[in-house]
Amino acid sequence: MNSAEIVDRLRARFGDKIGDFDDKAGDPFVYVQPDAIDEVCGHLKNDEALAFDALSNLSGVDHPKTSTIQVVYHLYSYRHRHMIVLKVSANREDPVIRTVAGVWRAANWHEREVFDLLGVRFEGHPDLRRLLMPEDWVGHPLRKDFVEPEEYHGIKTSRESPIHGIKTSHESPTK
Amino acid sequence: MSITGLEVEVERDDGFETEEMTLNMGPQHPSTHGVLRFVIKADGEVMRKATPDVGYLHRSIEKIAEKVGYASFMPYTDRVDYVAAMPCNQGWAMVTERLAGIEVPRRGEFCRVIATELNRIASHLLAVGSMAMDIGAYTPFTHALRERELINELLQELCGSRLTFNYMRIGGCAWDLPPRFGEKAIEYLDHLEPIIDEYNALISFNKIYVERLASVAVISREEAIDYNLVGPNLRGSGVKYDVRRDEPYSVYPEIDFDIPVGTGEAGIVGDSYDRYMVRIREMKECCKIIRQCLSKMEPGPVIAKVPRNLKPKPGEAYVRVESARGDMGWYCVSDGSTAPYRLKIRTGSFAAMSAIEHVSRGLMIADLVALIASLDIVAPEVDR
C-alpha cells in the first residue's frame with residue numbers, strides 16, 4: 001500500500017483525528033492529533049492489512065516560528081514492506097503527547113531521548129527520565145533557542161583559544 | 001535452585017533468606033566496548049534486572065549538524081560509529097543527495113560499495129574477535145585483529161585514514177581507487193576466505209565456545225521486531241531482512257549475494273550463537289560483493305558536479321542504509337539554508353541497547369557480557 005491509501009484507510013476509521021496529508025516535498029507524511037496518536041498507532045500495528053510491526057524512527061523537531069514541536073514517527077511493516085510517516089504537533093510551551101511505548105517497545109528509549117533533548121512530555125510513558133544528558137541538566141539542547149550554559153558543576157564548557165589570532169567555534173558565526 | 005527453561009527461579013527451603021544485590025558494571029569495564037554502564041540487580045549470580053545507563057559518549061552530533069552545513073558535516077559522521085565509518089559516510093551522503101536531487105556517477109557508487117563492504121568485514125572481524133575475548137578466549141581476538149589490520153592498510157591507501165575515513169562526498173567519493181587497488185583487494189580476499197574457515201575451526205565450532213553461547217540470551221522474532229533490532233541481530237532471530245536487498249540502494253540490485261539468517265543450529269533460534277554465526281557468514285558475502293563490484297566497474301567520474309554552497313529545497317527525507325550494525329536511519333529536514341534544520345540518526349546499537357533491560361532478565365551476570373558482545377554494541381553509536 002502507498003501512503004495515500006494508508007491515509008484513506010485511517011480517515012475512514014478515525015475521521016477528523018487524522019489531519020492534513022502532504023506529499024509535495026520529499027517523503028509524504030500525515031498529521032495526527034496528539035491525543036489520538038496511541039490509538040492510531042495501535043490500529044496501524046494490529047490491522048492485518050497494514051501490520052506496521054516496527055517503529056523505525058521517532059524524532060522531534062522544534063519549530064519556534066510556529067511555536068510548535070513536532071514529533072515524527074517513521075513506521076515500517078516487515079510483513080507488507082511498506083512505510084508511513086506520521087507527525088504530531090504540540091504546543092511548544094507545554095508539549096504533551098500520548099505515548100506509544102505500549103504499542104512498540106522500541107518507542108520507550110526514543111521517547112526518552114525526545115523528552116531529554118526537546119522537552120516533550122509523553123503521557124503514560126512507563127519511565128520518562130533523561131537518557132543522554134545528565135539528570136540535573138537544565139534545558140533541552142535540541143531546542144532552537146537553547147543557550148549553552150557557561151559551566152556545569154564548576155567545569156567551563158568553553159575556553160579561550162591558546163593560540164593568539166585563532167577564533168574558537170564559540171566566537172565564530174553559526175551559519 | 002530449579003532451572004526451568006531460560007528463567008532461573010531461586011527457591012530455597014533451608015531457612016536461609018536470599019538478598020537482592022545492586023551491582024555497578026562500568027562505565028569503564030573491559031568487556032563493555034566503550035564507555036557504558038549497567039546497574040544490575042542480582043540474586044546471587046542471577047540477574048533480576050540490568051538497567052543500562054548511557055550518555056557518557058554523547059557528543060551532540062545532531063546539534064553540530066545544524067551548525068556546520070552539509071558538506072562540512074561529513075567528517076563528523078565518521079564519529080557516529082568509528083568501527084564502521086564508511087556506511088555512516090554513505091548514509092549522510094545519500095540523505096543529502098535525496099534532498100538536493102543529486103545523481104551519483106556509476107563508478108562513484110561502485111567505489112562506495114567496495115569501501116563500505118571492506119569496512120563491514122573489518123567491523124565484523126572486530127565483533128567476532130572481541131566476542132571471543134569477552135568470554136575468555138584471547139587467541140582468536142589476535143587472529144581477527146591481524147586480518148583487520150590488512151583492511152585498515154587497504155583503506156588507508158584508499159583515503160589516508162585507518163578509522164575515520166571521510167572518504168565519501170556529497171555526490172560521490174573524494175577520490176577514485178588508487179592504482180593496483182583492485183588487485184590488492186582481490187589478493188586480500190583470496191587470503192581472507194580460507195582464513196575465515198581457519199577461524200571457524202579455531203573457535204566457532206569449538207565445543208566449549210558453542211556451549212557457552214548456545215541458547216543464551218534468546219531474542220525471539222517478535223521481540224526483535226518490537227524492539228526494532230536491525231542487521232545481524234535481527235537476522236540472528238530468523239528474520240530474513242537486509243536493507244541492501246529489500247529496500248535496495250546504490251548498485252546493490254545488480255549484485256548477487258545471500259542473506260545469512262540464524263537457524264538455531266546450536267540451540268534456539270535467536271540465541272547468542274546465531275547472532276555470532278550470522279556475522280561470520282556475512283563476511284563471506286561481503287567478499288562476494290567486492291569481487292563482483294571490481295569486475296563490473298568501468299572507467300568514469302566518481303563524483304557529480306555539486307554546487308559549492310549546497311542549498312537543498314525545503315523538505316525532508318528519511319534514508320536507510322545497511323551499516324555493519326544494521327539498518328541505519330537518517331532523517332534530515334531542510335529549510336532551504338546551507339545547513340540541515342534538523343538531523344536525526346537512528347542507529348542499530350541504540351535499539352540493541354534498549355532491548356538489553358528486557359533480554360537480560362533471568363540471565364547469569366557472566367552471560368550479560370556474552371549478550372552485549374553478541375549484539376555488537378558500539379557505545380558512541382548509542383549516544384551520538
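**Core, sheet and contact in a predicted two-chain model**

The largest nonpolar core has 161 residues, and Leu75(A), Leu86(A), Leu118(B), Leu229(B) and Leu371(B) have the most contacts inside it. This is a predicted model, in which local features need pLDDT of at least 70 and side-chain atom pairs pLDDT 80 or more, while totals for chains, interfaces and linings use all residues. Residues are numbered from 1 along each chain as its sequence is written, and chains are lettered from A in the order in which they are written.

Student: What makes this set of 161 residues a nonpolar core?

Tutor: A nonpolar core is a set of buried Ala, Val, Leu, Ile, Met, Phe, Trp, Tyr and Cys residues joined through C-beta atoms within 7 Å. Buried means that 20 or more other C-beta atoms, placed from the backbone, lie within 10 Å of the residue's own (exposed: 12 or fewer; partly exposed: in between). The 161 residues form the largest such set. Helix α4 (residues 106-134) of chain B gives the most to this core, with 14 residues. Helices are DSSP runs of H or I of at least four residues, strands runs of E of at least two, numbered from the N terminus.

Student: Which residues does Leu371(B) touch?

Tutor: Leaving out residues up to four places away in sequence, Leu371(B) touches Ala217(B), Ser272(B), Ile356(B), Val359(B), Ser360(B) and Leu363(B). Contact requires C-beta atoms, placed from the backbone, within 7 Å.

Student: Why does chain B agree with a compact globule?

Tutor: The rule is 2.2 Å times the number of residues to the power 0.38, with the radius of gyration taken over C-alpha atoms. For 384 residues this puts the radius near 21 Å; chain B has 22 Å, so the two agree. Buried residues make up 51% of chain B.

Student: Why are β8 and β10 of chain B at the edges of their sheet?

Tutor: The open sheet has the order β8-β9-β10 (chain B), with antiparallel pairing. β8 and β10 of chain B each have a single partner strand, so one side of each lacks a neighbour in the sheet.

Student: How do you know that β9(B) and β10(B) pair?

Tutor: Pairing takes at least two DSSP bridges between the strands. Five bridges join β9(B) to β10(B), so they pair. Cys332(B) has Leu343(B) in β10(B) as its bridge partner.

Student: How many residues form the contact between the chains?

Tutor: Chain B supplies 34 residues and chain A 26 residues. On the side of chain B that touches chain A, β8(B) gives the most, with four residues.

Technical notes
Two residues are in contact if their C-beta atoms, placed from the backbone, lie within 7 Å.
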